[in-house]
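Colleague: I'm new to this one. Please pick one loop and walk me through it closely, along with whatever it connects to.

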Amino acid sequence: QVQLVESGGGLVQAGGSLRLSCAASGSIFSIYIMGWYRQAPGKERELVASITAVGTTNYADSVKGRFTISRVNAKNTVYLQMNSLKPEDTAVYYCNADLTTLSIRTINQYWGQGTQVTVSS
């Protein structure tokens with residue numbers, strides 16, 4: 001069993017900041033890519049940012065220069081620092097991890113339950 005638990009969402013005014021955290025736990029063998037996705041009402045889920053085990057990052061154009069993804073491998077945790085938030089950043093943010101477990105050595109994708117981020121204008 002693997003669990004991804006997010007925290008840090010909430011309500012913030014435009015221009016403000018939030019920091020999301022996601023901790024993976026369970027019978028994990030190795031985590032490869034970790035990332036954050038978001039889904040706004042009526043829209044498809046989209047990639048916000050991702051980071052490999054060696055720290056290579058990738059960002060959606062809409063968040064470049066405002067959001068920073070990081071991870072602590074020893075803690076199986078990924079973070080998303082969100083600055084200069086805009087109302088259009090309002091969405092449910094989901095943590096994602098590509099990993100292998102002690103019993104299943106093929107890479108599978110796991111998701112967190114999501115955390116709401118609301119940016120008021």
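**One loop and its connections**

Modeller: Let's start with Ser84, which sits in the loop between strand 8 and strand 9; strands here are DSSP runs (E, at least two residues), numbered from the N terminus. Keep in mind that this is a predicted model, where local features need pLDDT of at least 70 and side-chain atom pairs count only at pLDDT 80 or more, while totals for chains, interfaces and linings use all residues. Residues are numbered from 1 along each chain as its sequence is written, and side-chain values use heavy atoms, with hydrogens and water left out.

Ser84 has a positive phi of about 50°, although it isn't a glycine. With a relative accessible area of 40%, Ser84 is partly exposed (buried is under 20%, exposed over 50%, partly exposed in between, with a 1.4 Å probe and protein chains only). For a similar backbone story, hop to the loop between strand 7 and strand 8, where you'll find Asn76. Its phi is near 50°, again positive in a residue other than glycine, and at 24% relative accessibility Asn76 counts as partly exposed.

Back in our loop, what does Asp89 pair with? The side chains of Asp89 and Arg66 meet in a salt bridge, 2.8 Å from N to O (a salt bridge is a side-chain nitrogen of Lys or Arg within 4 Å of a carboxyl oxygen of Asp or Glu). This pair ties together distant parts of the chain: Arg66 is in the loop between strand 6 (57-59) and strand 7, Asp89 is in the loop between strand 8 and strand 9, and they are 23 residues apart. Both partners are tucked away: Asp89 is buried at 1% relative accessibility, and Arg66 is buried at 10%. In general, side chains of opposite charge can pair when their charged atoms come close.

The link goes further, too. Arg66 and Asp89 belong to a network of salt bridges with Arg38 and Glu46. Arg38 and Glu46 also meet directly, at 2.7 Å from N to O; Arg38 is buried at 6% relative accessible area, whereas Glu46 is partly exposed at 35%. The whole structure has 4 salt bridges, including one between Lys64 and Asp61 at 3.1 Å. Asp61 is exposed, with 64% relative accessible area.

Now look at strand 8 (residues 77-82), on one side of our loop. Strand 8 pairs with strand 3 (residues 18-26) in the antiparallel sense over 6 bridges (strands pair if DSSP finds at least two bridges between them), and Cys22 stands opposite Val78 there. They belong to an open, antiparallel sheet of 4 strands in the order 1-3-8-7. Strand 1 (2-7) and strand 7 (67-72) are at the edges with a single partner strand each, so one side of each has no neighbour in the sheet.

Both strands that flank our loop also feed the largest nonpolar core, which has 31 residues, with Trp36, Leu80, Met82 and Tyr93 having the most contacts inside it (a core is a set of buried Ala, Val, Leu, Ile, Met, Phe, Trp, Tyr and Cys residues joined through side-chain atoms within 4.5 Å). Among the elements giving two or more residues to this core are strand 8 and strand 9 (91-101). Strand 9 supplies the largest share, 5 residues.
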